[in-house]
Amino acid sequence: MTSPNYRNPWVLQQQMHRVLNFYYPDCIDTRYGGYIAQLDEREGFVYDGRTKHLVATARAVHNFSVGALIDGPVWCETAAEHGLHFLSNHHWDDGNDGYDWILDGRNTADATRFCYGHAFVLLASARAVEADVPGAEDELARAYGVIDDRFWESEHGLCADRADGRWDTVAPYRGQNANMHTCEALLAAYEATDEDRYLKRAYTIAEALIERLATETDGKIWEHYDRDWNIDMAYNEDDPRHQFRPWGYQPGHHAEWAKLLSILATHRSEPWLLPTAKNLFDIAIEDGWDDESGGFYYTVDGDGQPIIADKYGWAVTEAIGAAALLGRTDERYLDWYDRLWEYAEQYFINPSFGNWYERLTRTHERDDPNRGVEVEPGYHPLTNSFVALRVFR
């Protein structure tokens with residue numbers, strides 16, 4: 001069977017429509033408000049109708065806003081407004097400022113302030129502004145205000161990772177992942193508003209992490225740092241399967257930074273951006289691609305040997321977005337673009353519904369149902385199809 005031509009904008013739009021249709025209307029929570037993100041990735045049934053995770057809520061707002069931007073199903077804008085209202089009125093803690101991490105229905109279950117979560121609210125609000133969703137401009141300003149006031153560390157040009165719900169204690173851990181997604185959100189905010197402060201801040205983060213810190217690890221991106229942004233090579237070395245902060249280099253994040261630097265290079269003229277983006281993509285392939293089974297290892301050591309050999313769908317989608325952007329100036333990246341879609345069609349895209357599986361074993365078995373409150377409601381395949389759509393249009 002011939003794989004679809006994903007350089008064709010119509011094919012990309014159909015893929016995006018299938019992802020959106022997998023979640024709608026079952027994700028719309030008519031009891032508590034917001035969304036039900038916990039849909040079984042194989043069959044589509046709801047397995048948790050109460051838990052509201054900040055990132056899942058924000059990602060769904062983003063997704064439906066993107067759906068509106070591509071002239072997707074007519075319900076996309078209403079669905080985006082539905083989730084934005086819930087973010088603004090229920091995730092937001094008016095007494096202490098900031099967005100609660102986890103809700104049980106409408107009640108706070110975990111008030112921890114994660115920069116990662118606030119970055120996704122900023123991203124969701126930016127896409128909603130672009131899609132003319134009511135209330136999005138106010139939410140964008142509020143989310144950016146919290147990041148700027150509470151997380152931003154100007155002396156480092158980077159953000160802190162997390163604090164307690166009252167902002168009394170800021171954790172000593174610093175991480176690149178929260179900053180990477182803050183950079184992503186700032187780029188979206190700039191594209192939605194044309195306000196230069198967002199672009200300047202995005203560039204500052206990229207420069208600090210990639211131009212400065214990555215030089216200490218031969219151009220590779222380490223994940224974990226202490227409060228002074230010194231590399232912490234021992235962090236979680238004894239827990240390499242930690243769900244959010246595993247030990248090792250992540251090839252998927254190298255591809256993701258290749259994408260972000262490529263986007264920055266369309267708005268900034270610094271000569272290091274595009275060559276570094278290409279180098280990071282090449283590192284992702286050289287160290288992370290499993291030549292035997294296909295796909296990206298989740299984590300590798302400094303020599304490119306797999307630590308966790310599982311395959312994650314998000315890493316494939318990030319490489320798709322990066323390859324589409326890099327392919328504007330170098331045809332060999334388009335070869336990878338086609339190859340990655342073919343691989344995704346074979347292993348990660350659910351043939352029944354069009355959604356993507358979250359995780360498979362090294363040899364592409366599905367060894368558990370991949371359920372939890374921190375689920376991924378289609379954000380990675382939608383956002384990177386959106387990136388590719390803008391390239392090929």
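Which residue takes a positive phi in the hairpin of S4 and S5? Keep that in mind as you open this predicted model, and start at the hairpin.

**Stop 1: the hairpin.** Select strand S4 (residues 102–104) and strand S5 (residues 107–110): they run antiparallel and are joined by 3 bridges. Asp-104 has Asn-107 in S5 as its bridge partner. With 2 residues between the strands, the residue to click is Gly-105, whose phi is positive, near 70°.

**Stop 2: a negative patch.** Now select Glu-77, Glu-81, Asp-132, Glu-137 and Asp-138, which form a negative patch on the surface. Helix H3 (76–91) and helix H5 (136–151) are the elements that each give two or more residues to this patch. Glu-81 lies in helix H3 and counts as partly exposed, at 36% relative accessibility.

**Stop 3: salt bridges.** The whole structure holds 28 of them. Show the side chains of Glu-153 and Arg-174, which meet at 2.7 Å, N to O. This pair links distant parts of the chain, from strand S7 (residues 152–153) to strand S10 (residues 174–175), 21 residues apart. Glu-153 is buried at 12% relative accessible area, and Arg-174 is buried at 3%.

Next, pick Asp-310 and Arg-359, a salt bridge at 3.1 Å, N to O. Asp-310 sits in the loop between strand S13 (306–308) and strand S14 (311–312), while Arg-359 is in strand S15 (residues 359–360), so the pair ties together parts 49 residues apart in sequence. Both Asp-310 and Arg-359 are buried. Add Arg-241, Asp-367 and Asp-368 to your selection to see the salt-bridge network that links them with Asp-310 and Arg-359.

**Last stop.** Asp-330 forms a salt bridge with Arg-332, their closest N and O atoms being 3.2 Å apart. Arg-332 is partly exposed, with 41% relative accessible area.

Notes:
Residues are numbered from 1 along each chain as its sequence is written. This is a predicted model: local features need pLDDT of at least 70, side-chain atom pairs count only at pLDDT 80 or more; totals for chains, interfaces and linings use all residues. Side-chain values use heavy atoms; hydrogens and water are left out. Patches are made of residues with over 30% relative accessible area and no salt bridge: like charges are joined within 9 Å, nonpolar side chains (Val, Leu, Ile, Met, Phe, Trp, Tyr) within 5 Å. Accessible areas come from the Shrake-Rupley method with a 1.4 Å probe; for residues, only the protein chains shown count as cover. A salt bridge is a side-chain nitrogen of Lys or Arg within 4 Å of a carboxyl oxygen of Asp or Glu. Lys and Arg count as positive and Asp and Glu as negative; His and the chain ends are not counted. The place of a charge is taken as NZ of Lys, CZ of Arg, CG of Asp or CD of Glu. Helices (H or I, at least four residues) and strands (E, at least two) are DSSP runs, numbered from the N terminus. Buried means under 20% relative accessible area, exposed over 50%, partly exposed in between (1.4 Å probe, protein chains only). Two strands pair if DSSP finds at least two bridges between them.
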